[in-house]
Amino acid sequence: MCVVIGTTAAYVLMAASAATAVVGTAYAMNAEKKAAAYNAQVDVQNAKLANTQAQNANAMGSYEADQARIRGNLMRGQQLATMAANNVDVTTGSAADILGDTAMTTATDERQARINAAQRAYGFQVQSLSDMGAAQYAKYQGKTQATGTLISGLSSVMGSMSRMGGAGMNSTSTLATSGNYGGMYNGDTSAFMGSYGQ
């Protein structure tokens, strides 16, 4: 009894393997591209949020500086009113010193409010730049992974094609024999190597 697997079946199996590799590669590349685009979009949104937070920090600093100036002016006004009620000359002596200290404290508080706001805004700006860098890296990483997947897929396909080419070198891929004869089939239908029935 002879069991022969022809090259047609081998070609079909290898072609199916190659097609599967192509489809799998395309699917993986598409998934990696989408993942990279999503990550990049998230990073861009984070960068925009950080920019907004920096703007808010500056605005808050301006508000706090204005509040410091208003408080200083109110205090100075109360001091002037008290001194005037007591007939104190506000242009000389301790009265002038008090008013000068009030003005200096007010200016210091106003300046400190702006400095604090600038520091907070700077932190947000650094975060924004970091997020934008992460977005660019996510895009680059997506391209790199897709390229690696493509190379791997092409290698798999080329391996399948190589096996198909090898299968074409033989008319049959497998020959199994069984029976009451000894020896091996040599491809010649007119004779067997060995003796039949031994």
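# Exercises on a two-helix predicted model

The protein averages a pLDDT of 73, and 59% of its residues score at least 70, in what is a predicted model.

**Exercise 1. Describe the order of the secondary structure elements, and state where confidence is lowest and where it is highest.**

Step 1. The secondary structure comes to two helices and two strands, and along the sequence these follow the pattern β-α-α-β.

Step 2. Confidence is highest in α1, at a mean of 80, and lowest in strand β2 (residues 172-177), at a mean of 42.

Step 3. Over residues 1-5 the pLDDT is below 50, although this stretch has 14 contacts in the model beyond near neighbours in sequence. Residues 169-198 also have a pLDDT below 50, and for this stretch the model shows 38 contacts beyond near neighbours in sequence.

**Exercise 2. Find the salt bridges that link helix α1 to helix α2, and classify the exposure of the residues that form them.**

Step 1. The cut-off needed here is a side-chain nitrogen of Lys or Arg within 4 Å of a carboxyl oxygen of Asp or Glu, and by this rule the count comes to four salt bridges.

Step 2. R120 forms a salt bridge with E64, with the closest N and O atoms 3.8 Å apart. This pair links distant parts of the chain, since R120 belongs to helix α2 (residues 93-167) and E64 to helix α1 (residues 7-85), 56 residues apart.

Step 3. Partly exposed means a relative accessible area between the buried limit of 20% and the exposed limit of 50%. R120 is therefore partly exposed at 35%, and E64 is likewise partly exposed at 31%.

Step 4. E110 forms a salt bridge with R69, where the closest N and O atoms are 3.3 Å apart. Here too distant parts of the chain are linked, with E110 in helix α2 and R69 in helix α1, 41 residues apart. R69 is partly exposed, with a relative accessible area of 31%.

**Exercise 3. Starting from R114 and E110, work out which residues are joined into one network by salt bridges that share partners.**

Step 1. The side chains of R114 and E110 meet in a salt bridge, at 3.8 Å from N to O. Both residues lie in helix α2, four residues apart, which is about one turn of the helix.

Step 2. R114 is partly exposed, with a relative accessible area of 39%.

Step 3. Salt bridges that share partners join D66, R69, E110 and R114 into one network.

**Exercise 4. Determine what surrounds D131, and which side chain of opposite charge is nearest to it.**

Step 1. D131 has its place in helix α2, and this residue is buried yet has no salt bridge.

Step 2. The nearest side chain of opposite charge is that of K48, 12 Å away. With the 4 Å cut-off for a salt bridge in mind, the 12 Å to K48 explains why D131 has no such partner.

Step 3. Leaving aside residues up to four places away in sequence, D131 touches D43, N46 and A47.

**Exercise 5. Locate N87, describe its phi, and decide whether N87 is buried or exposed.**

Step 1. N87 lies in the loop between α1 and α2.

Step 2. Most residues other than glycine have a negative phi. N87 has a positive phi of about 55°, although it is not a glycine.

Step 3. N87 has a relative accessibility of 74% and so counts as exposed, whereas buried residues make up 20% of the 198 residues in the protein.

Terms used: Residues numbered from 1 in each chain as written. Heavy atoms only, no water. Buried < 20%, exposed > 50% of the residue type's maximum accessible area, 1.4 Å probe, protein only. Lys, Arg positive; Asp, Glu negative; His and termini not counted. Contact = heavy atoms within 4.5 Å. pLDDT = per-residue confidence, 0-100.
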